[in-house]
Every structure is written in C-alpha cells, then in structure tokens.
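Subject: Structure handover

Hi,

Here is the structure I promised to pass on. My notes follow below it.

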Amino acid sequence: MTTTPAFPVLLRLLDERSSAFRAAVASAPSLDVQVPTCPEWTLFDLARHIGEGRRDWAATVAAGPAPAKSAAMGAPDAPREREALSDWLAQSTEQLLDALREAGPDRGCWTWWGASQSPQTCGAVARHQLQQLAVHTYDAQVTLGAPEPLPDEVALDGVEEFLFTCVATTSAWPHKPTAFDFHASEGRSWRLTLDGDGARSTRLPAPGTTPVAAVGEGPDAAGVSVRGTASELVLFVYDRIPADSLQLEGDAGLFDLLREWEPEE
C-alpha cells in the first residue's frame, strides 16, 4: 500500500531537490538558454520562478489558513550573477523549509486545491512543493542535455500526489464515464475514475488489479492504462515526456480529453 512520505522526509527531499536544481543552473553555459520543456522560459526565468515561488509559499505557510500576500513584493529580485543567484535560490528554499518546520504538517494552510483529495495543510503543501521542485529540476537538467530520472523516494509518491492534488474535482466529467489506471514498475498502482461525480483516485493493491469496477465496465476494465517507472509516470502526467515513452493499453485519446478538460469548481 502506498503511503505518503513522513514530514521530515519531505523536508529532506525538498532540500535535496533544491540542491540538485542549483547544481544544474550552476553548470549551465548560459542562463539565457531556452528550457525545452518550458519553451516560454529561459533558464534564468525558470530559476526566478523557483525562487519567487518558494518565497511565496513560505509566506503562505506562515499565514496559516488565510491567503498571504506575495512574498515577492518588495523582495530582492533574482540576481543574474551566477553565484549570487545560487545563494538567492538557497535562501528561497530555506525560507520555505523554515516556515514548514515552524508550522508542522497538520496546521491548516491556504491552498488552491480546495476541492481535491489533498488536505489543506502544511504537510500537503510540502508534498506538492517537492513534486514541483523535482519536475523543475528535471527541466533544468533537460536544458543541459543531461536529464536524470526523478529519485525513487520522490517519484513513488509523485503519481498519487498529482492525481490527488491536480486532478481530483467534484465537477462532472462531461464525457462517458471511464477510468485511467497507472502502474509503476516498482509495484504500485492507482486508478483515476471519471464520471458525473467528478474525478477521484484510489490506490490499487497491485499492478493490474482494481478494487472497484469502472462505471459501466467490467471489474478489471479501464478506458486506458499506462505502465512505466514511477519517474516516467510522473514526467508523463506533467507533460515532460510523450506517451510513446511508456506502455499504453486502451484508448490513448482519453488522455487528450483529460488534458483538455477544464472543470468548473
């Protein structure tokens, strides 16, 4: 059974991914190179996004359940000098880590995912921030031409975190009810069910088995299933690698419908 990483583990992994991101930025020949997986950004734009975003979330965590004003307002701009930028990025992550340590995992926190399966707590914020930083670290590594798989400790929670936080909704699915199965080669699986009640995900006992039937289908049926390593699955759901990088069975067009869907909360 999949379990969410303990809060201290999330903080450690956040720190580690931050270090990996800074290492990628530091080794880039130029900060003005375009990021292939975020083509509207240069590497400097990506670094600025990472630093300002972590500072904003630090302020949000510190504010508790109330929405916080942007911490970027009045804060020092991201410096373009390489060493100063690295220091600025490290300080940004430390601000977030300090705020999370001070708050603890169970304290309420404003989040944008009110109707999801993830709680509005500081622990859920740490969990989501880890995945965001991990994927953007991959972006920085792709820019250098040296992408690395997400670490197992990060990736094994990444599929569920994405489904619970970014996909779950109570808005009705506007198409025929269906299900998506995600199978990690490390032995973990999840089912996303979409119907008139919205989108909800469940953990599956083992690859290829399902605890409940998809609406209107047989007990083992899903509209589409995808298999790969946990890292590949995370990078796929975040649109970093194409579908042909994994093993798909069923109607691959359902992923297009899912990506085009804009639920009305």
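Arg259 lies in helix 7, which spans residues 253-260. This is a predicted model, so please read everything below in that light.

Arg259 has a relative accessible area of 38%. That value falls between the 20% and 50% cut-offs, so Arg259 is partly exposed. Leaving out residues up to four places away in sequence, Arg259 touches Phe236, Val237 and Asp239. There is also a long-range pairing to check. Arg259 and Val167 are 92 residues apart in sequence, yet their C-alpha atoms sit 9.8 Å apart in space.

Asp239, one of the residues that Arg259 touches, deserves a look of its own. Asp239 is found in the loop between helix 6 (230-237) and strand 7 (247-250). Its phi is positive, about 60°, although Asp239 is not a glycine. At 49% relative accessibility, Asp239 counts as partly exposed. The cut-off for exposed is over 50%.

Next, the core. The largest nonpolar core has 74 residues. Which residues have the most contacts inside it? They are Leu85, Leu100, Leu163, Phe180, Phe182 and Leu192. Helix 4, residues 122-143, gives the most to this core, with 11 residues.

Leu192 shows what such a position looks like in detail. Beyond residues up to four places away in sequence, Leu192 touches Leu163, Phe180 and Phe182, three residues that are also on the list of those with the most contacts in the core. Leu192 also touches Val167, Thr178, Ala179, Ala199, Arg200, Ser201 and Leu258. Val167 is thus a contact of Leu192, as well as the residue whose C-alpha is 9.8 Å from that of Arg259.

Now the N-terminal side. Ala6 sits in the segment before helix 1 (7-27). Ala6 is partly exposed, with a relative accessible area of 43%. Its C-alpha is separated by 8.8 Å from that of Gly123, with the two positions 117 residues apart along the chain counted as their separation.

Asp157 is worth opening in your viewer too. Is Asp157 buried or exposed? Its relative accessibility is 3%. Buried means under 20%, so Asp157 counts as buried. Asp157 lies in helix 5 (residues 152-167). Not counting residues up to four places away in sequence, Asp157 touches Thr3, Thr4, Pro5, Arg127 and Gln131.

Finally, the whole chain. The protein chain has 7 helices and 7 strands. From the N terminus on, the order is α-β-β-α-α-α-α-β-β-β-β-α-β-α. The radius of gyration is 19 Å, close to the 18 Å that the globule rule gives for 265 residues, so the protein chain is as compact as a globular protein of that length. Along the principal axes, the C-alpha atoms fill a box of roughly 60 × 40 × 30 Å.

Of the 265 residues, 49% count as buried. Among contacts with a separation of 6 or more, 66% come from residues 24 or more positions apart. The protein chain exposes about 11,700 Å², and carbon and sulfur atoms supply 52% of that area. On charges, there are 20 positive and 38 negative ones, and their mean positions are 4 Å apart.

Best wishes

Conventions: Residues are numbered from 1 along each chain as its sequence is written. This is a predicted model: local features need pLDDT of at least 70, side-chain atom pairs count only at pLDDT 80 or more; totals for chains, interfaces and linings use all residues. Side-chain values use heavy atoms; hydrogens and water are left out. Helices (H or I, at least four residues) and strands (E, at least two) are DSSP runs, numbered from the N terminus. The radius of gyration is taken over C-alpha atoms; the globule rule is 2.2 Å times the number of residues to the power 0.38. Buried means under 20% relative accessible area, exposed over 50%, partly exposed in between (1.4 Å probe, protein chains only). Contact means heavy atoms within 4.5 Å. Accessible areas come from the Shrake-Rupley method with a 1.4 Å probe; for residues, only the protein chains shown count as cover. Lys and Arg count as positive and Asp and Glu as negative; His and the chain ends are not counted. The place of a charge is taken as NZ of Lys, CZ of Arg, CG of Asp or CD of Glu. A nonpolar core is a set of buried Ala, Val, Leu, Ile, Met, Phe, Trp, Tyr and Cys residues joined through side-chain atoms within 4.5 Å.
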